[in-house]
Amino acid sequence: MRERAARWTLVLAATGFAAFSLFWTALTFLLSGPPFRYPVAVIGLFGLAGLAGVPSGLRGGRLHDRGWSLPATGGAWVLALTAFVVAAFAVRSVALVIIVILMLDVALQTQALLNRARPFALSHEARSRLNTALATGNFVGAAAATVRWSAGGVRGTPTR
């Protein structure tokens, strides 16, 4: 916790996990209700679109190795925020929902990888503690998303 970069990375990781949790929870309710009314099996297939984010981790790792970790993180957050703006218009369009899933998954997968790489570069001796702090931060983000969800439900999320 002495390292400023580690503290900020923990905040970014928790925020990213909260955004991820809120989006996928709200998406389930959006797709099960009108106008879509998809069954659970079809809703689950939307998760396959999230596979597009997997190769973005490799690209994010290369950007980190080249010293572009902070600008790449900023770019990932711009993409994530843009995805939430597009999500506001996706409540009646399956095509837009899929575009939002692709955008958000690429953004959050990239920032998640960068959030792991950045603090690990600070101290090789503290990797275990840093990994524990990142995992704890993710759970804090999920808990914050749960509190946010209970306060507003689907209407309180960016997909409505």
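How much space lies in the second largest cavity? I started my notebook with that, and the answer is about 30 Å³. A reminder to myself: this is a predicted model.

**Entry 1, the cavity.** I looked up how many cavities of 30 Å³ or more the structure holds, and found two. For the second largest cavity I then listed the lining: F20, F23, W24, I101, L104, D105 and L108. Two elements, α1 and α5, each give two or more residues to this lining. I noted that α5 gives the most, with four residues. By class, I count six nonpolar residues, no polar ones and one charged residue around the second largest cavity.

**Entry 2, the helices beside it.** Next I turned to how α1 and α5 sit against each other. They pack at an angle of about 155°, and their axes are 10 Å apart. Angles over 145 degrees count as roughly antiparallel, so α1 and α5 are roughly antiparallel to each other. The crossing of α1 past α5 is left-handed. On the α1 side, I see that the contact includes F20, F23 and W24; these residues also line the second largest cavity. On the α5 side, I101, L104, D105 and L108 are among the contact residues, and they too appear in that cavity lining. By class, the contact of α1 with α5 has 15 nonpolar, four polar and two charged residues.

**Entry 3, the second largest pocket.** Which residues lie nearest the centre of the second largest pocket? I found F17, L108, Q111, A112 and N138 there, out of 13 lining residues. I was pleased to meet L108 again, since I had it down for the second largest cavity. The space in this pocket is about 210 Å³. The elements giving two or more residues to its lining are α1 (4-32), α5 (94-120) and α6 (127-152). Here α5 gives the most, with seven residues. I sorted the pocket lining by class and got six nonpolar, five polar and two charged residues.

**Entry 4, another neighbour of α5.** Last, I checked α4, which covers residues 69-88. Helix α4 packs with α5 at an angle of about 155°, with the axes 8 Å apart. That makes α4 roughly antiparallel to α5. I noted a left-handed crossing for α4 and α5. Their contact has 18 nonpolar residues, five polar and one charged, by class.

Technical notes:
Residues are numbered from 1 along each chain as its sequence is written. This is a predicted model: local features need pLDDT of at least 70, side-chain atom pairs count only at pLDDT 80 or more; totals for chains, interfaces and linings use all residues. Side-chain values use heavy atoms; hydrogens and water are left out. On a 1 Å grid over the protein atoms alone, a cavity is a set of points where a 1.4 Å probe fits but cannot get out, and a pocket is an open set with protein on both sides within 12 Å along at least five of seven lines; lining residues have an atom within 4 Å of a point. Grid points are joined across faces, edges and corners, and a volume is the space filled by probe spheres set on the points. Ala, Val, Leu, Ile, Met, Phe, Trp, Tyr, Cys and Pro count as nonpolar, Asp, Glu, Lys and Arg as charged, and the others, Gly among them, as polar. Axes are lines fitted to C-alpha atoms, for helices over the stretch in contact, and angles run from 0 to 180 degrees between N-to-C directions. Angles under 35 degrees count as roughly parallel, over 145 as roughly antiparallel, 65 to 115 as roughly perpendicular and the rest as oblique. A crossing is left-handed if the near helix is turned anticlockwise from the far one by less than a right angle, and right-handed if clockwise. Contact means heavy atoms within 4.5 Å.
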